[in-house]
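Please look over the sequence and the 3D structure shown here before reading on. The notes that come after are meant to help you follow the strands by eye.

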Amino acid sequence: MPMQDAQWLREMLSQELEVRPPRSLKSEQRFLSGNVAILRSDGFIIGYTDIRDYGKTAEITTFIIDPRFRGQGNAKKLILKAIDITPHKIILSCTKNPKMAATLEGCWFEITHWPGLKEYILLTINTIKRVFSMLFRLEFKRLWVQAKGFTKYKIYKLQVK
């Protein structure tokens, strides 16, 4: 992946306090070459999401659309791309953002209160890891933004046929 993609990702992660904290450029390059969906316009990255593998289940997480490209249907395009590239039959995504929730619902996701024991445990572990990462990096503002609406998060689930 080009260095400019890693720079874009770091910049977006720095601006968007609802997602994971940014890491070094090398780490972001590794993320970009991993299990991700990327949306481009004129060769430049405009959207990114991680796809975490939980065995038979995947999670769409760290979802970012460049602010200059929002409101143009790009979020739905990126979700559909993520669905298309994952071989999993069950896909989860957690959000408290009403626009993201509407996009997920527009892509056939439904709210679930119980994604399964293994999935629930893994989602909880990842949340705890993210909290410790923010504490370690002294990202108190990011931690506050994510924690203050903790009870508003909803788990969305898509059963792929």
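The briefing below deals with the sheet, then with the helices packed on it, and lastly with two unusual backbone angles.

The model is a predicted one, and this should be kept in mind throughout. At its heart for this briefing is an open sheet of 6 strands with mixed pairing, whose order is 1-2-3-4-6-5. Strand 1 (36–41) and strand 5 stand at the edges of the sheet, and because each has a single partner strand, one side of each is left without a neighbour in the sheet. From one strand to the next, the twist averages 30°.

**Pairing between strands**

- Strand 3 and strand 4 run parallel and are joined by 3 bridges, and glutamate 59 has leucine 92 in strand 4 as its bridge partner.
- Strand 4 (residues 90–95) and strand 6 (residues 154–159) run antiparallel and are joined by 6 bridges, with lysine 157 in strand 6 serving as the bridge partner of leucine 92.
- Leucine 92 is therefore a useful residue to find in the picture, because it is a bridge partner of glutamate 59 and also of lysine 157.
- Strand 5 pairs with strand 6 in the antiparallel sense over 3 bridges, and here isoleucine 111 stands opposite tyrosine 156 in strand 6.

**Helices packed on the sheet**

- Helix 1 (residues 3–15) packs on the sheet and touches strand 1, strand 2 (44–54) and strand 3, while its direction makes about 80° with that of strand 2.
- Helix 4 also packs on the sheet, where it touches strand 3, strand 4, strand 5 and strand 6, and its direction makes about 160° with that of strand 4.

**Residues with a positive phi**

- Most residues other than glycine have a negative phi, so a positive value in such a residue deserves a second look.
- Threonine 62, which is not a glycine, has a positive phi near 45°, and this residue is found in strand 3 (residues 57–65).
- Threonine 62 has a relative accessible area of 4%, and because buried means under 20%, it counts as buried.
- Tryptophan 108 is not a glycine either, yet it has a positive phi of about 75°, and its place is in the loop between helix 4 (98–106) and strand 5 (110–112).
- Tryptophan 108 has a relative accessible area of 58%, and because exposed means over 50%, it counts as exposed.

Terms used: Residues numbered from 1 in each chain as written. Predicted model: local features only at pLDDT ≥ 70, side-chain atom pairs only at ≥ 80, totals over all residues. Heavy atoms only, no water. Helix = DSSP H or I, 4+ residues; strand = E, 2+ residues; numbered from the N terminus. Buried < 20%, exposed > 50% of the residue type's maximum accessible area, 1.4 Å probe, protein only. Pairing = 2+ DSSP bridges. Axes fitted to C-alpha atoms, helices over the stretch in contact; angles between N-to-C directions. Contact = heavy atoms within 4.5 Å.
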